[in-house]
Amino acid sequence: MSGLGNNFCRFLHKILRLEWVLVIITAPFLLFPTVCPFWTAMALMGLGGWWLLRWVVRQEPWPVTPFNGALLLFSVMVGLGTIASINLSLTLPKLTGLILGLAIFRTLAFEVGNQRGFLWGIISFLIVGLIILGVGVLGVEWKTTIFALKPIVKLIPRLIKGLPELRGEAIHPNQLAGAMAFYIPFVFSLTFLQKEIKNLVGYALSLLVYLIILFLFSSTLVLAQSRSGWIGGVSGILILLVLWTLTPPPSLKKWVTGLGIIMLAVTGLIEGFLLGPEKLWKILEEPPLQTPIGPLGTLQFRQEVWRWAIVSIGDFPITGCGLGTFREVAHVLYPLDPHRVPWGMDIAHAHNIFLQTALDLGIPGLVAYLALVGTALATCWQVAVKRNGMEKAVALGLAGSLIALHAYGMTDALALGSKPAVAFWFALGIIGGMERSFRHLNRSDPFSYRS
């Protein structure tokens, strides 16, 4: 009997390592919780039971990462933001999306600790990006503001309509642009910085794949015609190159790249000064939205939303106004200027990732979120200056992607718990797994990508 019990325990130990399978199975129900609420509840119970069993059997309650303190505060504020909600139909999809994000982070942080897990983490991250691209391209309502792009966007059929929990029939192009801007620096880093030449054929094939993916993401970002997305993507690549030039060892290529970035920045500042604030404003201002009361400038719309978002944060500083509910709270509690935000117009979010986070989770939640992002950037830098090859490319690429996401997030947002925002948790999970491996570098070298 004891032998049978030992065999069962060993079998259970192995099964509990396959947590990633459970995450894949539960992901659709957590992304679209209103489609089948019963199975969504079963998915939540399954995740909770699995985590508890892994804690008891394997003594692994949660992966040890530098994110854990911020994650604890973040999770507490998610709970408070849910309790504070005035409309659970808006909150629950965001809540299950965040739970899925935490499950993804947890799984990757556990698994990205060896060569195989590291590679599969990168592959899964790219696959998620391609899924977002595919669904977005086939479900977005394309803009036609740039004349040269009109013939191209007209050729793309909209085959996906009315996704669950989506207000309206189409995906907004700015949301698709934000996701593409997030991925572009990462893929660019893989093509530009990875120097694995032990297997020339394998390297050439992987480089070709990365270039194709980079082309798909970049062309989609261009077609989305989102100035926020363009600013985010360009900012991410520029910061990526700056970080690369600052990492050891020094080289002529890095000096030339750094000089080029400085010249580009100086040129941009001079051109901005010559154009003046009024012309710059017109360049940033997208063509006006057509509303029942006439054309509405998108920057005017954002200014009005930002104004009342700040007021709402002041009214609900601890809990926020409720996870995902600002789109209704703004119309109910605040006198929005009807010439800037017509009555009944769906605000969607605060059009600023930091304001939106404070609205969802309160100021403590914003602090926790900033701690997550700051820890991620610091960890990426730590890995980049100490490691080479693939690890360095991934670390710098993810740092660039986080910068891109938040540069985009200054005037738009992939709100917490939204469907494309799962990519953010993929990035944090990979970074957490890399840090766990880096921490044990003196005892073992699980990665074999040194160049």
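## A place to start

Where is proline 249 placed? Proline 249 sits in the loop between H10 and helix H11, which covers 252–284. There is something to look at right here: the peptide bond running from proline 248 to proline 249 is cis, and its omega is near -5 degrees. Keep in mind as you look around that this is a predicted model.

## The whole protein

Let's step back. The protein has 451 residues, and 49% of them count as buried. Its secondary structure comes to 16 helices and two strands.

How does the chain meet itself? Take the contacts in the protein with a separation of 6 or more: residues 24 or more positions apart account for 78% of these. As for the outside, the protein exposes about 21,500 Å², with 73% of that supplied by carbon and sulfur atoms.

## Hollow spots inside

Searching the whole structure turns up two cavities of 30 Å³ or more. The largest cavity holds about 130 Å³ of space. It is lined by 18 residues, and the closest to its centre are Tyr369, Leu405, Leu414, Ala421 and Phe424.

Which elements give two or more residues to that lining? They are helix H8 (173–193), helix H14 (353–386), helix H15 (389–408) and helix H16 (422–439). Sort the lining by class and you get 17 nonpolar residues, one polar and no charged ones.

## Aspartate 412 and serine 228

Now find aspartate 412, in the loop between H15 and H16. Is aspartate 412 buried or exposed? Its relative accessible area is 2%, so it counts as buried; the cut-off for buried is under 20%. Leaving aside neighbours within four places in sequence, aspartate 412 is in contact with Asn174, Gln175, Ser228, Arg302, His349, His351, Asn352 and Ile353.

One of those partners, serine 228, is worth a visit of its own. Serine 228 lies in helix H10, residues 227–246, and it is buried too, at 5% relative accessibility. Its side chain makes a polar contact of 2.5 Å with the side chain of threonine 411. Not counting residues up to four places away in sequence, serine 228 touches Arg302, Tyr408, Thr411 and Asp412. Arg302 therefore turns up in both contact lists, that of aspartate 412 and that of serine 228, under the 4.5 Å cut-off for a contact.

## Two positive phi angles

Next, look at the loop between H13 and H14, where you'll find alanine 348. Phi of alanine 348 is near 75 degrees, a positive value in a residue that is not glycine. At 30% relative accessibility, alanine 348 counts as partly exposed.

Histidine 351 is also in the loop between H13 and H14. Its phi is positive as well, at about 60 degrees, although histidine 351 is not a glycine. Histidine 351 is buried, with a relative accessible area of 8%, and you have met it already as one of the residues in contact with aspartate 412.

## An exposed isoleucine

Finish at isoleucine 318, in the loop between helix H12 (298–315) and helix H13 (326–333). Why does isoleucine 318 count as exposed? Because its relative accessibility is 52%, and exposed means over 50%.

Being exposed doesn't leave isoleucine 318 without contacts: it touches Met77, Leu361, Gly362, Ile363 and Pro364, not counting residues up to four places away in sequence. Methionine 77 is 241 residues from isoleucine 318 along the chain, but their C-alpha atoms are separated by 8.6 Å.

Key. Residues are numbered from 1 along each chain as its sequence is written. This is a predicted model: local features need pLDDT of at least 70, side-chain atom pairs count only at pLDDT 80 or more; totals for chains, interfaces and linings use all residues. Side-chain values use heavy atoms; hydrogens and water are left out. Helices (H or I, at least four residues) and strands (E, at least two) are DSSP runs, numbered from the N terminus. Buried means under 20% relative accessible area, exposed over 50%, partly exposed in between (1.4 Å probe, protein chains only). Accessible areas come from the Shrake-Rupley method with a 1.4 Å probe; for residues, only the protein chains shown count as cover. On a 1 Å grid over the protein atoms alone, a cavity is a set of points where a 1.4 Å probe fits but cannot get out, and a pocket is an open set with protein on both sides within 12 Å along at least five of seven lines; lining residues have an atom within 4 Å of a point. Grid points are joined across faces, edges and corners, and a volume is the space filled by probe spheres set on the points. Ala, Val, Leu, Ile, Met, Phe, Trp, Tyr, Cys and Pro count as nonpolar, Asp, Glu, Lys and Arg as charged, and the others, Gly among them, as polar. A polar contact is a pair of N or O atoms within 3.5 Å; within protein, one must be able to donate a hydrogen and the other to accept it, and residues adjacent in sequence count only if both atoms are side-chain atoms.
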